[in-house]
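Could you walk me through this model in my viewer? I would like to know what to select at each stop and what I will find there.

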Amino acid sequence: MTRRIFITGASGFVGQHLLHLLDSPENEVYGTSFPHEPVPLDLSCDNNICHLDIRDKERLSAAIEQAQPEWIFHLAAVSNVGHSWKKRTETLETNLLGSQNVFEAAREFVPQARMLFVSSSNVYAQQAGENIVLSEEDPVDAVSPYAYSKVCGELLSRFYVEVENLQVIITRAFPHTGPGQSPDFVCSDWARQIVAIEQGKSDPVVRVGNISVRRDFCDVRDVVKAYVSLLEKGRVGEVYNIASGSAVSLQEILDTLLSLSNIEVAVEVDPEKMRKADILSLHGDARKIGGDTGWRPSIPLEQTLRDLLEYWRVYF
Ligand code: A2R
C-alpha cells in the first residue's frame, strides 16, 4: 500500500527538501507550486506538482479531491517576515484565507487526513530578560504582519480541530536554513554575499541588518524530518516547537560564515535591512516534540553554514 501525500508550497525551500525526503516507492506525493511553475527535481512526483495559487479555492479543492491524500503538509505561505511588512494584504490572504481553503477542501474530501499547519516561532511574545527558552505554553503576540497571519492561522487550525474534527497538528518552527534557501533570509543572504566576494563579483563588503538579535537555527533537513515525525506520531490539536535548543547571535553566525571562507571583508549596516520591530531573542524548547516523536536535530549549525556556502559556490 502506498501512502498518498499532498504538499502545498512543494516547490518552496522547505517543500523541496520534504519532496526529497518523501521520495520512495511507499509514497505517492502530490502538491502545489506558486507563483513559479513546478521545478523538475528528477523525482517520481515531478508530474504530480501543479501550478496553483492556494487562494484559488476551487482549483485547490479539485486538486485535493483528486489526490485523496492521507497526509497534508501545508507549507505554502508568504514566509518572509521582512516582505510581509510590504505585502500585508497578500500575507493575510495567503496565510489565513489560503489556509482556510486547505482546511475546507480537507473537510469536504478527506476529513480523516492528518494535516500539518506550519506556524512559526515568530508568534511568541517578546519577553523581558535574557536567556528565556520559549515553550509551547508561553504567551503569543504579533510584532509583524507575518506573525499575525500565523497567529490567526493557529486559531483557524484549532477551530477546524475542535469544531470540524479535522486531524490538524500545529508546528512552531524556529528559524531554519540550509542549501537552497532564498537570499531573502539572513544566513543565505550572507553566504551568497560572501561567495560573490570570493568569486570577485562584488566589493569586499558584507551588508547586514541588526546582528545583535539571537536566533535558534535548525537545519532544514532536520526540520522536514520533524514534520514527518509529527504526522506519524504527533497528537492532533497540539502545538509543537521545532528548535535546536540553543540560540546564537546573528553576529556569531556571520563570524562562523566568515571563518569558513578565506576572504577579508568589511561589515556595513544597511538601514534597508533593519526592521520596524523585531523579537530580540528566539530560543526554543523542543522537549515536547522529542518526547512525543523521538525527533532530535542532528546537523550542527557549522555544518549547515558550510553546506549553505557550498550551495552558493555551485549555484551563484
Ligand atoms: O513566496 P514565493 O513566491 O517564494 O512562493 C511561496 C509559496 N506561496 C504560495 N503558494 C501558493 N499560493 C500562494 N498564494 C502562495 N504565496 C506564496 O509558498 C513558496 O514557494 C512557498 C513557501 O515556501 P518558501 O517561501 O520557500 O518558505 P519556506 O521557507 O519553504 O517555508 C515553508 C513554511 C511556510 O509556511 C513558512 O511560513 C514556514 O514554513 O516557516
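**Stop one: an asparagine and its partners**

Select N241 together with Y124: their side chains make a polar contact at 2.7 Å. Keep in mind as you go that this is a predicted model. Now add D285 to the selection, and you will see the side chain of N241 reaching the backbone oxygen of D285 at 3.0 Å.

Switch to a cartoon view to place the residue: N241 belongs to strand β11, which covers residues 239-242. Is N241 buried or exposed? It is buried, because its relative accessible area is 0%. To see what surrounds N241, show its contacts beyond four places in sequence: Y124, L134, S135, E136, R172, F174, D285, A286 and I289.

**Stop two: the two domains**

Zoom out and colour the chain by domain. Domain 1 takes in 3-177 + 218-245 + 285-293, while domain 2 takes in 186-214 + 247-282 + 300-315. Their centres, taken over C-alpha atoms, are 27 Å apart. Where the domains touch, 13 residues from domain 1 and 13 residues from domain 2 take part in the contact.

**Stop three: a pocket with both domains in its lining**

Next, select G129, E130, N131, L280 and S281. Of the 17 residues lining the second largest pocket, these lie nearest its centre. This pocket has a volume of about 320 Å³. Keep the domain colours on, since domain 1 and domain 2 each give at least three residues to the lining. Then recolour by residue class: the lining of this pocket has eight nonpolar, seven polar and two charged residues.

Key:
Residues numbered from 1 in each chain as written. Predicted model: local features only at pLDDT ≥ 70, side-chain atom pairs only at ≥ 80, totals over all residues. Heavy atoms only, no water. Helix = DSSP H or I, 4+ residues; strand = E, 2+ residues; numbered from the N terminus. Buried < 20%, exposed > 50% of the residue type's maximum accessible area, 1.4 Å probe, protein only. Polar contact = N/O pair within 3.5 Å; in protein donor to acceptor, adjacent residues only side chain to side chain. Contact = heavy atoms within 4.5 Å. 1 Å grid on protein atoms, 1.4 Å probe; cavity = no way out; pocket = protein on both sides within 12 Å on 5 of 7 lines; lining within 4 Å. Points joined across faces, edges and corners; volume = space filled by probe spheres on them. Nonpolar A, V, L, I, M, F, W, Y, C, P; charged D, E, K, R; others polar. Domains from an automatic or database assignment.
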